[in-house]
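I am opening a fresh page to note what I look up in this structure, one topic at a time. I begin with the whole chain and then turn to single residues.

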Amino acid sequence: MDGAKPPPPAGGKQELEEALLHIVQHHHHQSFRQRQQTERAKKDALRSAVRVSDLLVDTVDGGVQELFVNEKRIEHEARALVTTIARYRKQTDQWLAATNEINSVLKEIGDFENWMKIMDFDCKSINAAIRNIHQS
């Protein structure tokens, strides 16, 4: 006839529908499994990302915490140094006052010694003058 295929027998149509139905069900089943796998992979990726971010945060927080502890220790040591410096300043001021007093006393001793030399010289001059008068 004109090259057209003869219509399938009545039983063949049923088989074709069942085959198509089977193919569609198989496709739906595979799509469902693939969606489940994709969903599991997405959840696993999300858990991994959360774990990585937690580890990164822990690492950064550990460094920050260590820096915070070091900062507190440095502040404590700085306060102790300020206290020590104040104590040394007070002690230095006391030593300076004592040194100034010693210098003052030494100056007075020097002045007294100079006065004694002048008095000794004056006494010898007077003694010599009296002798000269007495001998003449």
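My entries follow in the order in which I made them.

**Entry 1, overall form.** I note at the outset that this is a predicted model. I looked up the secondary structure, and I found one helix and zero strands in the protein chain. The radius of gyration came next: at 57 Å it is well over the 14 Å that the globule rule gives for 136 residues, so the chain is more spread out than a compact globule. I then checked the spans of the C-alpha trace along its principal axes, which come to about 190 × 30 × 10 Å.

**Entry 2, surface and charge.** What percentage of the 136 residues is buried? I wrote down 1% for the protein chain. The area that the chain exposes is about 13000 Å², and carbon and sulfur atoms supply 62% of this area. I also looked up the charges, and the mean positions of the 19 positive and 20 negative ones are 3 Å apart.

**Entry 3, Trp115.** I located Trp115 in helix α1, which covers residues 10–135. Trp115 has a relative accessibility of 45%, and it counts as partly exposed because that value falls between the 20% limit for buried and the 50% limit for exposed. I followed the chain from Trp115 to Thr59, which is 56 residues apart from it in sequence, and the C-alpha atoms of the two are separated by 82 Å.

**Entry 4, Gln94.** I found that Gln94 also has its place in helix α1. Its relative accessibility is 48%, so I entered Gln94 as partly exposed. How far apart are the C-alpha atoms of Gln94 and Gln135? They are separated by 61 Å, with the two residues 41 apart along the chain.

**Entry 5, Ala129.** Helix α1 is where Ala129 lies as well. I read a relative accessibility of 36% for Ala129, and so this residue counts as partly exposed. Between Ala129 and Phe32 I noted 97 residues in sequence and, from C-alpha to C-alpha, 142 Å in space.

**Entry 6, rings.** I looked for aromatic pairs, and the structure holds one. For my own understanding I add that a pair of aromatic rings is described by the distance of the centres and the angle of the planes. Last, I asked which residue lies over the face of Tyr88. I found Arg87 there, at 5.5 Å from the ring centre.

Technical notes: Residues are numbered from 1 along each chain as its sequence is written. This is a predicted model: local features need pLDDT of at least 70, side-chain atom pairs count only at pLDDT 80 or more; totals for chains, interfaces and linings use all residues. Side-chain values use heavy atoms; hydrogens and water are left out. Helices (H or I, at least four residues) and strands (E, at least two) are DSSP runs, numbered from the N terminus. The radius of gyration is taken over C-alpha atoms; the globule rule is 2.2 Å times the number of residues to the power 0.38. Buried means under 20% relative accessible area, exposed over 50%, partly exposed in between (1.4 Å probe, protein chains only). Accessible areas come from the Shrake-Rupley method with a 1.4 Å probe; for residues, only the protein chains shown count as cover. Lys and Arg count as positive and Asp and Glu as negative; His and the chain ends are not counted. The place of a charge is taken as NZ of Lys, CZ of Arg, CG of Asp or CD of Glu. Rings of Phe, Tyr and Trp (its six-membered ring) pair if their centres lie within 6.5 Å; planes under 30 degrees apart count as stacked, over 60 as edge-to-face and the rest as tilted. A charge sits over a ring if NZ of Lys or CZ of Arg is within 6 Å of the ring centre and within 35 degrees of the ring normal.
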